[in-house]
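Hi everyone, thanks for making time this morning. I'd like to walk you through one model, so have a look at it on the screen before I start talking.

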Amino acid sequence: MFPQSTLLDPLFWMVLGAIQVLVFTGASQWAKEYQLGMNWWKWAIVGFWWLSFILTIAGAFTLLGENEGNAGWYVLGFVGTLLVIGGAAILKVLVLLKPNSQ
């Protein structure tokens, strides 16, 4: 990913992993705070979206690192945009299906 660098490449992947840990630990608290009433199928949809998002980022930056810049930016721009739109739709569905708490 970072040609001719012995430090930046592993550092990038460690930071990406640390961000995932923070997302996993914060997602449950965020869902409780907004009272989304998450069950197994909602978590499965969100988990699949997150996995797709992370794989898109990893794939795009791997292509950039292998000097396939056009393909990397295309994957990041096209698939990443679709995933952001899909994530907004998933959030909308989660908010609409929020249980009524009186």
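Before I use any database labels, a word on what they are: UniProt positions are given here in the numbering of this chain, feature names are shortened, and annotations may be inferred rather than shown by experiment. Please also keep in mind that this is a predicted model.

With that said, the UniProt record, an unreviewed entry, puts the annotation "transmembrane region" on residues 12-31, 43-65 and 71-97. How much helix and how much strand is there in residues 12-31? That span is 100% helix and 0% strand, and its end C-alpha atoms lie 28 Å apart. Residues 43-65 are likewise 100% helix and 0% strand, with 32 Å between the end C-alpha atoms.

Let's start with helix α1, which runs over residues 8-33. Ile-19 sits in this helix, and because its relative accessibility is 41%, it counts as partly exposed. Ile-19 also belongs to a nonpolar surface patch of about 560 Å². Its partners in that patch are Leu-7, Leu-8, Leu-11, Met-14 and Val-15.

Now on to α2. This helix has 26 residues and spans 37 Å from first C-alpha to last, close to the 38 Å expected at 1.5 Å a residue. Its buried residues include Trp-50, Ile-54, Thr-56, Ile-57 and Leu-64. Lys-42 is on that buried list too, as are Ser-52 and Gly-65. And what covers them? The cover includes α1 and α3.

Let me pick out one residue of α2, Thr-56. Is Thr-56 buried or exposed? Its relative accessible area is 10%, and the cut-off for buried is under 20%, so Thr-56 is buried. Which residues does Thr-56 touch, leaving aside neighbours within four places in sequence? The contacts are Val-75, Val-79, Gly-80 and Leu-83.

Finally, the loop between α2 (40-65) and α3 (69-96), where we find Glu-66. Glu-66 has 53% relative accessibility, so this residue counts as exposed. Asn-67, which follows α2, has a positive phi, near 60°. To connect this loop with the previous stop, take Gly-80 again, one of the contacts of Thr-56. Gly-80 is 14 residues from Glu-66 along the chain, and their C-alpha atoms are separated by 19 Å.

That's my tour, and I'm happy to go back to any part of the picture.

Terms used: Residues numbered from 1 in each chain as written. Predicted model: local features only at pLDDT ≥ 70, side-chain atom pairs only at ≥ 80, totals over all residues. Heavy atoms only, no water. Patch = residues over 30% accessible without salt bridge, like charges linked within 9 Å, V, L, I, M, F, W, Y side chains within 5 Å. Areas by Shrake-Rupley, 256 points an atom, 1.4 Å probe, with all protein chains shown as cover. Salt bridge = Lys/Arg side-chain N within 4 Å of Asp/Glu carboxyl O. Helix = DSSP H or I, 4+ residues; strand = E, 2+ residues; numbered from the N terminus. Buried < 20%, exposed > 50% of the residue type's maximum accessible area, 1.4 Å probe, protein only. Expected span 1.5 Å × (residues − 1). Contact = heavy atoms within 4.5 Å.
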